[in-house]
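Biologist: I'm new to reading models like this one. Pick a single part, please, and walk me through it up close, with a bit of the surroundings too.

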Amino acid sequence: MRRLFLGAIISIMTFMSFSDVSSQSYELRGSLREFVKVFSQSPNEVDLSETRFKLEFLSAHGENSAFKAKSYYIYDGLNKKGTWDFQEAYIDYYSSYLDVRVGRQVIAWGKADEINPTDILNPQNLSNMTENKSIRKIGLLSTKTELKLYDFILEGIWKPEFDNMKLPPMDSRWAFFTIPGLEELPEPEYPQNRIQDTEWAFKLSRTVSLFDLSVSYFDGWDNMVTPVMTFNPTSQQIEMDRLKFFRTKMIGADFAGSIASFGIWGEAAYFNTDENDPLVKNPYLQYVLGTDYTFGYNITLNVQYFQEMNETEADKEITSKLGVGMPLQQAASFRVNRDFGYGEAHSIELFGYYDIKESGLLLQPKLILSPEDAFDVETGVIVFAAEEESLFGRFEENNQVYIKCTYSF
Amino acid sequence: MKKIIKLLGITVFVFVLTVNLVSAQEKVTTASEIMEGWDNRIFPIDNTGNMTMNLIDKKGKIRTRLLKTFRMSDDKQIMWFLEPADVKGSSFLRLSYDDRDDDMWVYLPAFGKVRRIASHAKKGSFMGTDFSFEDMGDRKLMDYTYQLLKEEEINRQSCWVVESIPNKGIATDYSKIVSWIRKDCYYDVREEFYDERGNLKKIKTVEFKKLKKYWIPVMMVMENLKSKHKTEMIFDKLEVDTGLDEKVFKSNYMTRIH
């Protein structure tokens with residue numbers, strides 16, 4: 001399948017090479033970021049000491065085609081190990097009615113802030129949950145076409161490559177869960193490399209008066225691994241047999257607009273799978289409703305309510321997963337932000353999640369200073385407060401202080 | 001002789017009548033008529049160019065942003081940030097309507113998606129400059145009540161000075177705007193913006209250049225009297241009536257690589 005895809009990319013590049021080369025432009029840009037996180041409780045271990053070098057290469061080939069590659073070199077200072085992450089490398093073709101993007105790419109869906117039930121096209125690396133979502137996302141080989149039909153935009157996506165959510169190791173302080181007797185999760189059973197096992201999706205969008213609206217459909221794999229349990233007659237216990245992924249369909253919708261002086265948005269996704277497994281919740285609905293308002297002194301408040309609705313009580317016991325990245329079933333988020341200084345270059349923010357179901361709280365106050373253009377310093381703390389058995393309670397010993405310095409070029 | 005006297009009499013009568021008619025025409029130029037002229041000023045079918053924004057603080061420190069802009073009439077505008085590096089690739093789209101508020105969207109590459117700007121945010125600063133999103137948008141003629149204050153020369157150009165007071169229920173950051181409108185082309189060369197308490201808050205000055213048959217702004221300066229900050233917008237590489245496709249002003253175009 002990947003060979004077929006590579007062939008398609010080479011064909012498109014050949015096609016592009018015959019087009020007008022007189023107005024070709026190239027650009028190299030990127031950033032260097034130092035990120036250190038330290039646990040605030042004794043013995044104040046360093047959680048992360050990372051140097052991240054981002055390099056982007058862009059080339060526009062006249063008005064009709066372009067190329068972009070984005071990669072990260074990440075040096076883990078704690079484990080003295082460097083890795084490359086080739087997040088994106090794609091070719092664009094633009095015309096009056098059709099835009100096509102082919103290659104490794106990150107696709108962002110949804111109009112809510114951070115919590116996006118419909119944003120399921122790329123898995124995320126959740127080993128550092130406090131990382132920016134755009135960095136957490138794992139790029140995948142896909143084609144994306146955008147067809148302009150009158151006032152509508154019809155987006156079609158085909159994903160021949162599959163990858164799954166990367167969870168923190170089970171021996172990590174950030175592990176979502178532990179399985180007795182297992183130090184690390186075994187290699188999951190990946191979908192087969194067949195055309196019928198590829199993923200596809202559609203989205204239809206348009207603007208109506210003061211609102212942007214869209215409906216979407218996804219037919220692919222739940223990218224969070226699910227354990228398959230079997231009864232072991234020797235030990236007379238139910239044990240984990242293997243890890244697998246379930247084929248899932250999603251119907252989604254979202255909107256964003258204004259009413260009076262308030263910005264409002266909403267996003268909902270209904271998930272269903274044909275598989276029948278007691279550890280797979282099926283079907284379920286996730287939705288987010290949000291609003292924001294700007295007060296005097298440039299203070300903006302953004303509030304969201306998130307809920308997952310399950311058909312059975314048993315399903316409620318299974319942690320929420322697909323696309324959200326946070327296994328919360330009923331939560332609110334809030335963000336109070338003020339940009340200040342000349343050019344609004346600096347900002348101060350208090351972000352938080354309140355787990356309504358389990359009364360947990362995550363607070364993240366931060367300060368971002370930009371003494372010069374393209375140079376930012378961000379510092380903040382992350383505080384968890386919750387009952388031990390809840391998700392946030394699991395991380396109550398993980399309160400931390402962090403600092404990030406970023407230079408862009 | 002009688003004929004000459006008669007001819008002279010007719011000539012004087014015609015002259016007096018003409019002068020009276022002209023002065024009467026000048027006198028009947030009301031604030032509303034001037035603003036109608038301002039609203040109907042002739043824009044190019046489209047124009048493209050680069051814009052340099054210099055953000056100057058009270059100590060004289062300058063932060064510079066470079067943008068590429070496309071505009072169609074006065075209704076549609078799209079711009080991409082080219083510099084500095086940390087905002088490069090961001091873009092802004094504004095669509096203006098006669099009967100309702102402007103629609104505005106921003107695209108921030110870090111988020112990977114286009115976001116609509118809510119109406120309350122339009123009072124906020126446009127990308128950290130002294131221009132607000134409201135200043136970047138289009139004022140609706142029917143949203144204000146006008147009064148002609150005086151006539152005055154600015155840079156040897158004869159101008160009408162018109163006060164615009166927002167009608168009740170109009171969402172705006174200003175209690176009053178005073179505009180100096182050039183008599184020859186109906187373009188505003190200076191505007192004073194007053195805050196809700198009636199204090200002078202910001203002053204905008206504009207320099208124009210004639211390109212083909214159009215008057216095009218080549219420099220706009222917005223000075224914030226409270227913060228003592230100033231933003232200069234300097235336009236260059238300007239081209240008019242280039243035949244831009246209307247599809248350029250769609251939100252999906254904002255994400256393209258330039």
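**One residue and its setting**

Modeller: Let's warm up with chain B: of its contacts between residues at least 6 apart in sequence, 41% join residues at least 24 apart. Keep in mind that this is a predicted model. Chain B is built with three helices and 13 strands, and 29% of its 258 residues are buried.

Chain B also meets chain A: 30 residues of chain B are in contact with 35 residues of chain A. On the chain B side of that meeting, you'll find twelve charged residues, along with nine polar and nine nonpolar ones.

Now let's cross over to chain A and zoom in on A:Leu55. This residue belongs to strand S2, which covers residues 46-61 of chain A. Is A:Leu55 buried, exposed or something in between? A:Leu55 has 15 C-beta neighbours inside 10 Å, so it counts as partly exposed; buried would take 20 or more, and exposed 12 or fewer. Leaving aside residues up to four places away in sequence, A:Leu55 touches A:Gly30 and A:Ser71. A:Gly266 sits 211 residues from A:Leu55 along the chain, and their C-alpha atoms are 34 Å apart.

How far should you trust the picture? Chain A has a mean pLDDT of 87, with 91% of its residues at 70 or more. Residues 322-326 of chain A, though, stay under 50, and the model gives them 14 contacts beyond four places in sequence. Where pLDDT is low, don't read the predicted coordinates in detail.

Conventions: Residues numbered from 1 in each chain as written. Chains lettered and ligands numbered in written order. Predicted model: local features only at pLDDT ≥ 70, side-chain atom pairs only at ≥ 80, totals over all residues. Helix = DSSP H or I, 4+ residues; strand = E, 2+ residues; numbered from the N terminus. Contact = placed C-beta atoms within 7 Å. Nonpolar A, V, L, I, M, F, W, Y, C, P; charged D, E, K, R; others polar. pLDDT = per-residue confidence, 0-100.
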